[in-house]
Amino acid sequence: MTIKIGIIGAGKIVRVRHLPEIQMNSHAEVTAICDVVEARAKELAQEYGSKAYLDYRQMLLDPNIDAVIVAATNTTHAEMTIAALQAGKHVLCEKPMATNLQDAQNMLDAAKSSGKQLMIGQNQRLEPAHIKAREIIQAGKLGKVLSFTTIFGHPVCEY
Ligand SMILES: NC(=O)c1ccc[n+]([C@@H]2O[C@H](COP(=O)([O-])OP(=O)(O)OC[C@H]3O[C@@H](n4cnc5c(N)ncnc54)[C@H](O)[C@@H]3O)[C@@H](O)[C@H]2O)c1
């Protein structure tokens, strides 16, 4: 089975991570890319053999999409995610989930009533170093943490 994906936002993270990684997955294919900047949508759509859209609401009418990646500006995440769920698409929304608690709750409600999957791209929570730090803090080994400085590095893929 192949999941057909439509992407909203043809910016940095989509260019360097989502698109190359979907291309490596034999169970997924990008069928549509939307951006308000026409040149970005068209360039990536051409490169990945998909359809370009300038208006995400138009894209959501496309029956050739099973799931949507929301990767546009943070303030648009809730509106786009809810619209995609209501259009019958599964959603992977980039972090941050939303910019206020009410929007986040509305997204969860929309997922529940649509019966579709909603996933937030909180991949950092699965990083072993972050899981370990959480464990140490929760065990109280450091006492009450008032502030912290952190440096996080990871290998960057060349695309
Ligand atoms: N860049 C990263 O390393 C990174 C990492 C984790 C999460 N994210 C998240 O991914 C999202 C995108 O980040 P980015 O760095 O790719 O930003 P970006 O600014 O490079 O790209 C965002 C794109 O969304 C488009 N856009 C804005 N409003 C739109 C609309 N209404 N309809 C269609 N397209 C619209 C913009 O034109 C732009 O091309 C953000 O929510 C960010 O927090 C980014």
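**A tour from Pro-96 to the ligand**

Begin by selecting Pro-96, which sits in the loop between strand 5 (90–93) and helix 5; helices (H or I, at least four residues) and strands (E, at least two) are DSSP runs numbered from the N terminus. This is a predicted model, in which local features need pLDDT of at least 70 and side-chain atom pairs count only at pLDDT 80 or more, while totals for chains, interfaces and linings use all residues. Residues are numbered from 1 along each chain as its sequence is written, and side-chain values use heavy atoms, with hydrogens and water left out.

Add Lys-95 to the selection, and display the peptide bond that joins Lys-95 and Pro-96, which is cis, with omega about 0°. Most peptide bonds are trans.

Next, show the ligand together with its shell of 19 residues (those with a heavy atom within 4 Å of the ligand). Lys-95 is among the closest of these residues, along with Asp-35, Arg-40, Asn-74 and His-77. By class, the shell holds 9 nonpolar, 5 polar and 5 charged residues, where Ala, Val, Leu, Ile, Met, Phe, Trp, Tyr, Cys and Pro count as nonpolar, Asp, Glu, Lys and Arg as charged, and the others, Gly among them, as polar. Helix 1 (12–23) and helix 4 (77–86) each supply at least two residues of this shell.

Zoom in on Asp-35, where an N or O atom of the side chain is 2.6 Å from an oxygen atom of the ligand. Then move to Lys-12, which places a backbone N or O atom 2.9 Å from a ligand oxygen, and to Ile-13, for which a backbone N or O atom also lies 2.9 Å from an oxygen atom of the ligand.

Now select helix 4 with helix 5 (residues 101–114), whose axes, lines fitted to C-alpha atoms over the stretch in contact, come within 9 Å and cross at roughly 10°. The two helices are therefore roughly parallel (an angle under 35 degrees). Their contact (heavy atoms within 4.5 Å) includes His-77 and Leu-85 of helix 4 and Asp-103 and Ser-114 of helix 5.

Finally, zoom out to the protein, which has 6 helices and 6 strands, running β-α-β-α-β-α-β-α-β-α-β-α from the N terminus.

Terms used. A polar contact is a pair of N or O atoms within 3.5 Å; within protein, one must be able to donate a hydrogen and the other to accept it, and residues adjacent in sequence count only if both atoms are side-chain atoms. Axes are lines fitted to C-alpha atoms, for helices over the stretch in contact, and angles run from 0 to 180 degrees between N-to-C directions. Angles under 35 degrees count as roughly parallel, over 145 as roughly antiparallel, 65 to 115 as roughly perpendicular and the rest as oblique.
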